[in-house]
Amino acid sequence: MSAHHWWYTHHALEDVGFTEKLRRGCAPALASAPAASSQPIALGTSRGSQKGLKTFSGRVEVDKDVEQDLQRSLQAVLRELRAQDPALKSNRGMWRWSLHKKVERDPRKSPVLVHILLRELEKAESEDVRHVIIPLLHTLMYVLTKATGITEELYQRTYAFCMRLLTLPAPYCTVALDCAIKLKTEIAVPGTLYQRLVIAEQNLKNELYPYQERVFLFVDPELVPPSVCSALLLEIQAAQTQQTPEACMRHVVSHALQAALGGACGADALQRKLQASPRRALERYFHAVVAAVEQMASEPSPSRERHLERLEEVYCSLLGLTEAARGRCGGDALPGQPPSIPLPSPYITFHLWTDEEQLWKELVLFLRPRSQMRLSADLEALDLQGLLPDQELARVSMLSTDSGIERDLPSGAEELPAPSSPEMEHAGLQRKGGMKKRVWPLDILMPSNWDGPPGLHRRTGRPTGDGELLPGVSRLHTARVLVLGDDRMLGRLAQAYHSLRKRETQTFCLTPRLSLQLYYIPVLTPEKPASPRHVELGELAAFLGRADPWYESTVNTLCPAIQKLAEMPPSLDTSQTVDPFILDVITYYVRMGTQPIYFQMYTVKIFFSDLSQDSAEDIFLTELKVKIQDSKLPKDGFSPRRKGTAEGPGAELSLCYQKALLSHRTREVTISLRATGLVLKALPASDTEDHMCLNVSVTEVVKSSNLAGRSFSTVTNTFRTASIQIQSQDQRLLTLWLDKDNRRTFRDVVRFEVAPCPEPCSGAQKSKALWLSSHHQQEMERTKAKPKPLLMPINTFSGIVQ
């Protein structure tokens with residue numbers, strides 16, 4: 001494996017003719033420079049002078065103005081987390097972005113910001129101010145991923161802090177564990193996080209790190225104005241035109257060398273050489289650097305010193321012995337700051353959601369090129385079988401040597417064991433030498449949630465999307481599906497997610513090779529933002545903001561910014577470099593938003609007044625609203641009006657539901673009442689309520705009698721339930737709206753049933769159940785566990801913060 005990894009390195013060095021020269025004369029010249037780990041804790045590494053940064057005897061002294069400026073920006077971020085100051089609401093989300101931009105424009109400020117962030121984290125730990133820990137930790141990790149002048153001691157302090165957080169409850173320990181695993185590799189092999197991120201996001205082809213990621217941005221043109229769609233598309237295209245594969249490879253090589261060699265790397269000369277290198281030579285240097293980093297990172301005990309030696313060889317081969325030695329000795333000290341190495345935004349594809357199967361089609365197209373090459377024999381059999389309900393399980397043929405004649409039995413076969421022996425009991429349960437059924441594991445026949453079990457859980461220790469569900473098939477692809485819109489768009493996403501999961505139980509094409517991550521950015525209509533309709537369509541975004549304060553501060557603030565971008569006239573001048581605020585926040589969200597919040601999906605079965613019309617089934621995520629129609633059933637309708645029922649507003653309804661109790665015991669309740677409407681909400685009204693049950697609000701009609709006669713008034717009753725059945729008892733029909741979407745309306749309804757949406761069952765299990773006898777089926781039904789509910793994850797920064 002080692003020889004295979006280092007083929008790229010030696011091939012690159014031999015092509016430029018420096019292999020022998022490196023062994024003889026490069027090491028002495030490079031040994032004269034100090035290592036990156038010998039720099040002061042809070043100081044950067046640079047060879048030039050700049051305003052705010054001064055150089056004395058090889059050490060960089062930080063001007064107090066620089067530190068105070070970064071401290072003020074960070075305190076502004078903390079203020080918007082600690083207090084709901086109205087003066088800060090107009091700039092919410094801008095403070096974090098401006099803080100990162102300051103160190104991006106001047107990379108030598110990165111060590112200063114890291115030192116300030118560590119100081120604030122340790123202060124929050126000592127004062128037990130937990131709500132700022134995760135935002136500060138995400139900010140710190142984002143800086144460490146892009147920076148190159150960070151000392152080893154700062155990395156060690158950050159790693160030690162994350163290890164101390166493991167004693168805290170979730171989600172603090174979950175986020176800290178993810179950061180600690182990344183930091184452990186980064187300490188031994190500097191530049192690993194940056195290199196892996198760019199390779200995966202930009203789909204740079206190489207054999208040593210074959211992971212690929214893509215961001216799919218979905219917008220419903222019927223819910224989002226065309227001006228918003230055009231503005232987002234132009235901003236994405238403007239940023240990605242400058243991110244060519246050659247530019248990304250130059251960034252990877254330059255960042256890896258500067259992160260390993262520190263201030264001894266001639267950054268200016270390196271940039272000039274990479275800019276002048278042709279495509280073929282650039283690819284050789286790129287593969288050499290990737291091989292050096294990935295081989296060292298994959299070792300059980302990576303050595304920082306050996307990693308430094310290998311990258312020194314690449315550095316000398318790239319610049320030449322003379323130029324490399326002169327830059328290491330400080331002979332090429334140029335005034336001004338070293339060139340900044342940008343972190344390219346991920347590859348984003350923009351989609352107008354117009355087709356019901358569009359999500360499935362895009363994911364299949366994303367997988368197709370590599371999936372055809374990496375398909376194992378087991379997965380080929382699964383895909384060909386399809387696991388349809390009317391097909392049998394995959395079988396393995398075995399040659400039978402049993403002729404059926406007693407005299408053909410081998411010697412000793414007539415000596416049977418005792419009837420009560422275990423061998424005899426086992427022999428009665430098997431058939432010798434015949435067809436054997438291949439038994440697939442339960443998690444293959446019925447895939448569990450793609451992102452792990454319910455709760456604040458995420459697979460850590462490997463890159464996002466890694467892991468094997470079948471032997472020989474790795475999950476090398478990560479699809480980050482980002483939807484923009486309101487609650488109606490999320491309802492459509494829930495439909496597509498359910499359809500995709502149901503399809504997977506039959507074809508099993510995406511699950512073993514793809515990690516699916518879901519993200520949501522609210523975009524509401526700009527008209528009257530304080531109107532009740534505006535608030536109603538943003539309920540799930542409000543819930544995410546209450547559960548995760550960093551999501552509220554970073555993502556929920558994008559809605560007005562997107563609307564302002566849509567109102568601005570498009571700029572056709574591409575020569576000017578403009579900082580894309582919206583794209584930067586989207587990039588930050590999809591990179592750092594790794595903790596999902598799981599939402600229960602509900603299925604509704606609808607029965608209509610027309611007996612010839614089949615019943616319908618659908619899915620909803622946030623809300624189901626019921627209204628009473630003015631029209632009535634004919635006298636010979638499905639459910640005639642009961643005698644003695646007083647006329648009045650609304651309709652007579654029969655409700656049968658299972659009451660949600662804290663003990664999780666089932667208690668069935670059946671009531672009849674007259675109501676004018678119902679609302680079934682899947683989201684809780686407060687943070688203390690459980691978001692895994694339905695909150696039902698019934699507008700009940702109350703009849704009262706007085707001297708003036710009978711009168712009717714309404715009162716709203718609420719209760720919580722896991723499932724409910726509602727039927728109209730008189731001639732009134734019902735109208736149902738799902739997820740506040742007028743396009744998902746069902747009229748002339750007489751009865752409907754709502755229950756948690758179960759995990760789709762695979763065709764293999766259905767066909768296997770048909771083979772069982774009725775006795776065995778009844779026994780299985782009595783003993784089988786409750787069906788697992790289908791949960792849809794939406795990624796946030798921390799999950800639910802208690």
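The legends below describe close-up views of a predicted model.

**View 1. Packing of helix α9 against helix α10.** Helix α9, residues 152–165, and helix α10, residues 172–188, pack at an angle of about 150 degrees, and their axes lie 8 Å apart. Because angles over 145 degrees count as roughly antiparallel, α9 is described as roughly antiparallel to α10. The crossing in which α9 passes α10 is left-handed. On the α9 side the contact is made by Glu152, Tyr155, Gln156, Thr158, Tyr159, Cys162, Met163 and Leu165, while α10 contributes Tyr172, Cys173, Ala176, Cys179, Ala180, Leu183, Lys184, Glu186 and Ile187. Sorted by character, the residues of this contact are 12 nonpolar, 2 polar and 3 charged.

**View 2. The surroundings of tyrosine 155.** Tyrosine 155 is placed in helix α9, and with a relative accessible area of 4% it is buried, since the cut-off for that term is under 20%. Leaving aside neighbours within four places in sequence, the residues in contact with tyrosine 155 are Leu144, Ile150, Leu183, Glu186 and Ile187. For glutamate 186, the separation from tyrosine 155 is 31 residues in sequence and 8.2 Å in space, taken from C-alpha to C-alpha.

**View 3. Helix α11 and its covering elements.** Of the 11 residues of helix α11, residues 192–202, 10 are buried, and the helix is thus mostly covered. The buried residues are Thr192, Leu193, Tyr194, Gln195, Leu197, Val198, Ile199, Ala200, Glu201 and Gln202. The elements that cover them include α8 (133–146), α10, β3 (212–219), α13 (245–261), α15 (279–298) and α27. Asparagine 203 follows α11, and its phi is positive, near 55 degrees.

**View 4. The parallel sheet with helices α12 and α27.** Four strands form an open sheet in the order β4-β3-β9-β10, with parallel pairing. Strands β4 (348–352) and β10 stand at the edges and have a single partner strand each, so one side of each is left without a neighbour in the sheet. Neighbouring strands of this sheet are turned against each other by 20 degrees on average, with direction ignored. Within the sheet, β3 and β9 pair in the parallel sense over 8 bridges, and phenylalanine 218 stands opposite valine 483 in β9. Helix α12 lies across β3, β4 and β9 and runs at about 160 degrees to β4. Helix α27 also packs on the sheet, where it touches β3, β4, β9 and β10, and its direction makes about 135 degrees with that of β10.

**View 5. The enclosed helix α26.** In helix α26, residues 558–567, 7 of the 10 residues are buried, so the helix is largely enclosed by the rest of the structure. These buried residues are Leu558, Cys559, Ala561, Ile562, Gln563, Leu565 and Ala566. Among the elements that cover them are the helices α12 (226–240), α25 (549–554) and α27 (581–592), together with the strands β9 (477–485) and β10 (514–522).

**View 6. Strand β12 and its two antiparallel pairings with β13 and β20.** Strand β12, residues 602–608, is mostly covered, with 6 of its 7 residues buried. Strand β13, residues 616–620, pairs with β12 in the antiparallel sense over 5 bridges, and here valine 604 has aspartate 618 of β13 as its bridge partner. Strand β20, residues 741–756, is joined to β12 by 7 bridges and also runs antiparallel to it; in this pairing the bridge partner of lysine 605 is glutamate 753 of β20.

Terms used: Residues numbered from 1 in each chain as written. Predicted model: local features only at pLDDT ≥ 70, side-chain atom pairs only at ≥ 80, totals over all residues. Heavy atoms only, no water. Axes fitted to C-alpha atoms, helices over the stretch in contact; angles between N-to-C directions. Parallel < 35°, antiparallel > 145°, perpendicular 65-115°, else oblique. Left-handed = near helix turned anticlockwise from the far one by under 90°. Contact = heavy atoms within 4.5 Å. Nonpolar A, V, L, I, M, F, W, Y, C, P; charged D, E, K, R; others polar. Buried < 20%, exposed > 50% of the residue type's maximum accessible area, 1.4 Å probe, protein only. Pairing = 2+ DSSP bridges.
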